[in-house]
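Trainee: Please take one part of this model and look at it closely. Then follow its links outward to the rest of the chain.

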Amino acid sequence: MYCSNCGAYVTDGNFCGNCGSPVKPALAGWYNTGSPWQSPPQVRYPAPVYTKRVLNVPDTPEKEMKRGFNRGGLAVLALYGSFSVLGSAFLYIAAIIAFACSSFAMGEFVTGDTWDALYEILYSSDAMGSPGALFVVLSYVVGMILGLIIGIKLMQKILKRINPVAPEVRELTPKEFFLAMAFTFGAWGLGVALGNLPDIVFPTESAGEQLYEALGMNMLPFYIYTIVGAPILEELSFRKVLCGGLSKFGKAPAVIVSALLFGLMHRNSGQFFLAFFGGLVFGCVYLYSGKIIYSILLHGIINFIASLPQLFALGNIDIELGWEIAVGVLGLIGVLFIIMCRKHPMLHPEPSPIPNSRKAVFANVGMRLAVIGGLVLTVFADIIAQYNAGEAGACLLQLFVSSVTIALVIVVITCTCKGKKQGVSRPE
C-alpha cells in the first residue's frame with residue numbers, strides 16, 4: 001500500500017510513516033504532488049553490456065582430414081630437410097678436414113672446390129686404404145642418422161595436433177609373417193622390373209657403383225647403416241609416425257600416401273618404384289599387426305639381400321648374375337602369392353569413411369609441396385645420372401621411366417584415397 005500524499009510505501013497501519021497522513025487507497029506506484037497526478041521518478045540502471053559470444057563450432061570431417069594430411073606433407077618435408085642438410089653438412093665438413101689433413105701431411109695446401117677435394121679423396125687409386133675416405137663415409141653415416149632422428153622428432157611434433165590413434169595390436173602367426181615376406185618379395189620384384197629398366201637395356205656403371213669399387217672396405221659402415229640403421233629409422237618415421245598418425249582418417253589413404261612420399265624421398269626412379277611398392281606392403285603389415293617390428297624386419301631383409309653383391313665384392317667375389325636370377329625368381333614367386341592371396345585382409349586396409357577424401361588428401365599446401373618437390377628432384381637426378389653416364393639411349397629410356405613415375409604418381413593421386421559415398425535424402 002502506498003501513501004496517497006507522498007507516495008511512500010506503507011507496510012502496516014493506517015498512517016504514513018513518512019508524512020503522517022492517513023493512508024487512503026491509491027494505485028501502486030502513483031503519488032499526489034498536488035495536481036495533476038504524476039508517476040514517481042524512475043530509477044536509472046546502467047545499460048547492459050553485450051559481449052560477442054564465440055561458438056566453438058567443430059570442424060567438418062573433410063576439413064579435419066585436409067588439415068591432417070597437410071601436416072603430414074609438412075612433416076615429411078621437415079624430415080627430408082633435416083637428414084639432407086645434416087648429411088650434406090657432415091659430408092662437406094669431413095671432406096674439408098680430410099683433404100686439409102692429407103694436404104698438410106704432403107707438405108702443401110691445395111685450394112679448390114670442395115667437390116674436387118671429395119672426389120680426390122674418394123676416387124683416388126689409394127682410396128681403398130685411405131683413412132680420409134673412411135672418415136668421410138663415417139661422417140656421412142653419422143650425419144644421416146642424426147638427421148633422421150631429429151626429423152622423426154620434428155614429425156612427431158608437427159603431427160601431434162591431429163591426435164593420432166595407434167592401430168590395434170595383434171601378433172602375426174608364422175603363416176601370416178611368411179605371407180608378408182612373400183608380398184614383400186613380390187613388391188620388390190615389381191620395383192626392380194620398373195626401376196632398373198634403363199640399366200637392363202643399356203648396362204652402364206653408375207657413379208655410385210664406381211664409388212663402391214673405389215672405396216672397398218671403407219664402405220662397410222654405410223652397408224651396416226643400410227641393413228640395420230635405415231630400416232629402423234625409416235620405418236619409425238614413415239610407418240609408425242606418418243602412416244600410423246594419418247590412419248585415423250582411413251587406413252588405405254594413410255598407407256598409399258606414406259608409400260608415395262617414402263618412394264619420392266629416395267630421389268631416383270629406380271629406388272622410387274622399389275620404395276613405393278615396398279612401402280605399400282610395409283604399411284599394410286604395420287596397420288594389420290599394429291607392431292612396427294614386423295615392417296622393420298621385412299625392410300631389413302630386403303636391404304640385406306639388395307646389399308649382397310656389394311658385400312661379396314668386398315672379398316672380390318662376383319655374384320651379380322646369380323643374384324639377379326635369384327631376385328627375379330623371388331619376385332616372380334612373390335607376385336604369384338599376391339595374386340593368389342589378393343583377398344587376404346592384410347592387403348585390404350580399411351578405406352576412408354570420410355566423403356570427398358580424395359580432395360582432402362591432396363588439396364592442401366603440405367602434400368602438394370612434398371609431392372611436387374619429390375617429383376622434380378627425382379626426374380632431375382635421373383636425367384643427370386644418365387647424362388653423366390654418356391649413353392644417349394639410356395638417357396632417353398630414363399626419361400621414359402621418369403615419365404612412368406610421374407604417371408604413376410598422378411594415377412595414385414587421382415584414383416586412390418576415394419572415400420565412401422554418402423547419399424543425400426531429398427525432402428518430401
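Mentor: Start with a definition: a helix here is a DSSP run of H or I, at least four residues long, and helices are numbered from the N terminus. Keep in mind that this is a predicted model. The part to look at is helix α7, residues 220-246.

Begin with a pair inside the helix. E235 forms a salt bridge with R239, and their closest N and O atoms are 2.8 Å apart. Why can these two pair up along one helix? They sit 4 residues apart in α7, so about one helical turn separates them. Are they buried or exposed? E235 is buried, and R239 is buried too. Under the cut-off, that puts each below 20% relative accessible area.

Now go to the start of the helix. L220 is in α7. Its relative accessible area is 31%. Buried ends at 20% and exposed begins above 50%, so L220 counts as partly exposed. L220 also belongs to a nonpolar surface patch, together with M217, I224, V228 and I232. The patch has about 410 Å² of accessible area in total.

P231 gives another picture. This proline lies in α7 as well. Its relative accessible area is 1%, so it is buried. What does P231 touch, apart from its neighbours within four places in sequence? The contacts are Y225, T226, I296, H299, G300 and N303. Take I296 from that list. It is 65 residues from P231 along the chain, yet their C-alpha atoms are 5.4 Å apart.

That leads to helix α10, residues 292-313. It has 22 residues, and its first and last C-alpha atoms are 32 Å apart, close to the 32 Å expected at 1.5 Å a residue. Still, α10 bends by about 45 degrees at S307. A proline, P309, follows within four residues of S307.

Look at helix α9 too, residues 269-289. Its 21 residues should span 30 Å at 1.5 Å a residue, and its end C-alpha atoms are 30 Å apart, so the two values agree. Of those 21 residues, 18 are buried, which makes α9 mostly covered. G290 comes after α9, with a positive phi near 80 degrees.

Next, the loop between α7 and α8. K248 lies there, and its side chain meets that of E64 in a salt bridge at 3.7 Å, N to O. The pair links distant parts of the chain: E64 is in helix α1, residues 61-105, and lies 184 residues from K248. K248 has 30% relative accessibility, so it counts as partly exposed. E64 is partly exposed as well, at 37%.

Set another salt bridge beside it. E176 and R170 meet at 3.0 Å, N to O. E176 is at 10% relative accessibility, so it counts as buried. R170, at 34%, counts as partly exposed. In total, the count comes to 4 salt bridges.

Finally, the whole protein. It has 14 helices and 2 strands. Buried residues make up 42% of its 428 residues. Among contacts between residues at least 6 apart in sequence, 76% join residues at least 24 apart. The accessible surface comes to about 24100 Å², and 65% of that belongs to carbon and sulfur atoms.

Conventions:
Residues are numbered from 1 along each chain as its sequence is written. This is a predicted model: local features need pLDDT of at least 70, side-chain atom pairs count only at pLDDT 80 or more; totals for chains, interfaces and linings use all residues. Side-chain values use heavy atoms; hydrogens and water are left out. Patches are made of residues with over 30% relative accessible area and no salt bridge: like charges are joined within 9 Å, nonpolar side chains (Val, Leu, Ile, Met, Phe, Trp, Tyr) within 5 Å. Accessible areas come from the Shrake-Rupley method with a 1.4 Å probe; for residues, only the protein chains shown count as cover. Buried means under 20% relative accessible area, exposed over 50%, partly exposed in between (1.4 Å probe, protein chains only). Contact means heavy atoms within 4.5 Å. The expected span of a helix is 1.5 Å times one less than its number of residues. The bend at a residue is the angle between axes fitted to the seven residues ending there and the seven starting there.
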